[in-house]
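Work through the exercises below with the coordinates open. Try each task before you read its solution.

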Amino acid sequence: MDKSKVRLLLYDTAIVIIGALLFSASMNMFLLPAKIVVGGMTGIATVVNLYVNIPVGIMIILLNIPLVILNTRRFGFMFLVRTLIGTLSTSLAIDFISIFPITITDPLLCAVFGGVTMGASLGLLLSRGYTTGGTDLIACLLKVRFKRLPTGSLIMFSDLAIIVIAAIITREWSGIFYSIISLYVMGRITDLIISGSQRAELALIISSDPEGLTRLISERLGRGATLLDGSGGFTSEPRRVVMCVVGKGELFFLKQAVAGFDPNAFFVICKASEVLGEGFGSGSSMT
């Protein structure tokens, strides 16, 4: 293994460790003590823990197993590996790393600080392609059925449904507001860490099989792509360029898909400051 791969492995290892510690701190210092239920499998595991003496981290792993299996066929082996690493590291950290003291119990402060620390954890992990399962995987499955709905909206609806169901079970209606605050803060911090204020990434790809690559992007990521006609600057040979816009958290999986399909593909990534249209925003708010 050359030095560049060793450095990359060490960097990824450090990211996973820091992300797991932050995730554990978020749950053990803020969310669990205040009984705040966030979305995803973490939220379901929190509710189960209130009534059944099963550790939250172990329950998160058990709940994610069927979702990971169902999504692996679509996204491939590397998706399985990185999802397992992300899910196992964060879940086990919740149960076995209890060094963080409980310094505040005010639910509002716990919602804010819990959202900040969990958002930082998810931002670090997602920036390297590691996922923690949960509603991200649920949204991937729902995307097959509801192709026109943005992935972000599917995740949000899934999280809100879990929060409402948790409130019905626990009869803690005020907890809905703290959960929403925590989810909002978490989402903002996650977005900030992944790629600052940028909303999306624009990829231009030159491949030996642009049509096949376009189909792969649609199948793996649920994103559309456009074929642009071009020609080589020196050879003047006609070439087709694949143009694709993806969300911040999807960029790593796009890179993996292209590398697996065509290792010799020429890949250019640009920051897209604003994207309007299907799968992203709409222009209705413009004046």
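The exercises that follow concern a predicted model.

**Exercise 1. The largest core**

Find how many residues the largest nonpolar core has, and which of them have the most contacts inside it.

Solution.
Step 1. Collect the core. The largest nonpolar core has 31 residues.
Step 2. Rank by contacts inside the core. M27 and M118 come out with the most.
Step 3. Ask which elements give two or more residues to this core. They are α1 (3-31), α2 (40-51), α3 (56-75), α4 (77-96), α5 (107-127), α7 (151-170), α8 (175-195) and α10 (251-261).
Step 4. Look for a core apart from this one. Another core has 14 residues, including I217, C244, V246 and L251.
Step 5. Return to M27 and skip residues up to four places away in sequence. M27 then touches L32, P33, T42, T46, V56, I94 and M118.

**Exercise 2. The residue L31**

Decide whether L31 is buried or exposed, and list what L31 contacts beyond four places in sequence.

Solution.
Step 1. Place the residue. L31 lies in helix α1.
Step 2. Apply the cut-off. Buried means under 20% relative accessible area. L31 has 0% relative accessibility, so L31 counts as buried.
Step 3. List the contacts. Leaving aside neighbours within four places, L31 is in contact with S26, I36, V38, C110, G114, M118 and S182.
Step 4. Check one C-alpha separation. L31 and F113 are 82 residues apart along the chain, and their C-alpha atoms are separated by 8.8 Å.

**Exercise 3. Salt bridges**

State how many salt bridges the structure holds. Then work out which parts of the chain the pairs D12 and R82, E211 and R240, and R240 and D229 link.

Solution.
Step 1. Count. The structure holds 4 salt bridges.
Step 2. Take D12 and R82. Their side chains meet at 3.5 Å, N to O. D12 is in helix α1 and R82 in helix α4, 70 residues apart. Both D12 and R82 are buried.
Step 3. Take E211 and R240. Their closest N and O atoms are 3.1 Å apart. E211 lies in helix α9 (residues 210-221) and R240 in strand β3 (residues 238-247), so this pair ties together parts that are 29 residues apart in sequence.
Step 4. Classify that pair by exposure. Partly exposed lies between the 20% and 50% limits. E211, at 33% relative accessibility, is therefore partly exposed. R240 is also partly exposed, with a relative accessible area of 32%.
Step 5. Follow R240 to D229. This salt bridge is 3.4 Å, N to O. R240 is in strand β3 and D229 in strand β2 (residues 226-231), 11 residues apart. D229 has a relative accessible area of 69%, so D229 is exposed.
Step 6. Look for shared partners. Salt bridges that share partners join D12, R82 and R128 into one network.

**Exercise 4. The sheet and its helices**

Give the order in which the 4 strands form the open sheet, and say which strands β1, α9 and α10 meet.

Solution.
Step 1. Write the order. The open sheet runs β2-β3-β1-β4, with antiparallel pairing.
Step 2. Mark the edges. β2 and β4 (266-272) each pair on one side only.
Step 3. Add the twist. It averages 25° from one strand to the next.
Step 4. Examine one pairing. 7 bridges join strand β1 (residues 200-206) to β4. L202 stands opposite C270 in β4.
Step 5. Dock α9. Helix α9 packs on the sheet and touches β1, β2 and β3. Its direction makes about 10° with that of β3.
Step 6. Dock α10. Helix α10 packs on the sheet too, touching β1, β3 and β4. Its direction makes about 165° with that of β4.

**Exercise 5. The residue S91**

Find which backbone oxygen lies 2.7 Å from a polar atom of the side chain of S91.

Solution.
Step 1. Place the residue. S91 is found in helix α4.
Step 2. Check exposure. S91 has 1% relative accessibility, so S91 counts as buried.
Step 3. Identify the partner. The backbone oxygen belongs to T87.
Step 4. List the contacts beyond four places in sequence. S91 is in contact with G57, I60 and I61.

Definitions and conventions: Residues are numbered from 1 along each chain as its sequence is written. This is a predicted model: local features need pLDDT of at least 70, side-chain atom pairs count only at pLDDT 80 or more; totals for chains, interfaces and linings use all residues. Side-chain values use heavy atoms; hydrogens and water are left out. A nonpolar core is a set of buried Ala, Val, Leu, Ile, Met, Phe, Trp, Tyr and Cys residues joined through side-chain atoms within 4.5 Å. Buried means under 20% relative accessible area, exposed over 50%, partly exposed in between (1.4 Å probe, protein chains only). Contact means heavy atoms within 4.5 Å. Two strands pair if DSSP finds at least two bridges between them. Axes are lines fitted to C-alpha atoms, for helices over the stretch in contact, and angles run from 0 to 180 degrees between N-to-C directions. A polar contact is a pair of N or O atoms within 3.5 Å; within protein, one must be able to donate a hydrogen and the other to accept it, and residues adjacent in sequence count only if both atoms are side-chain atoms.
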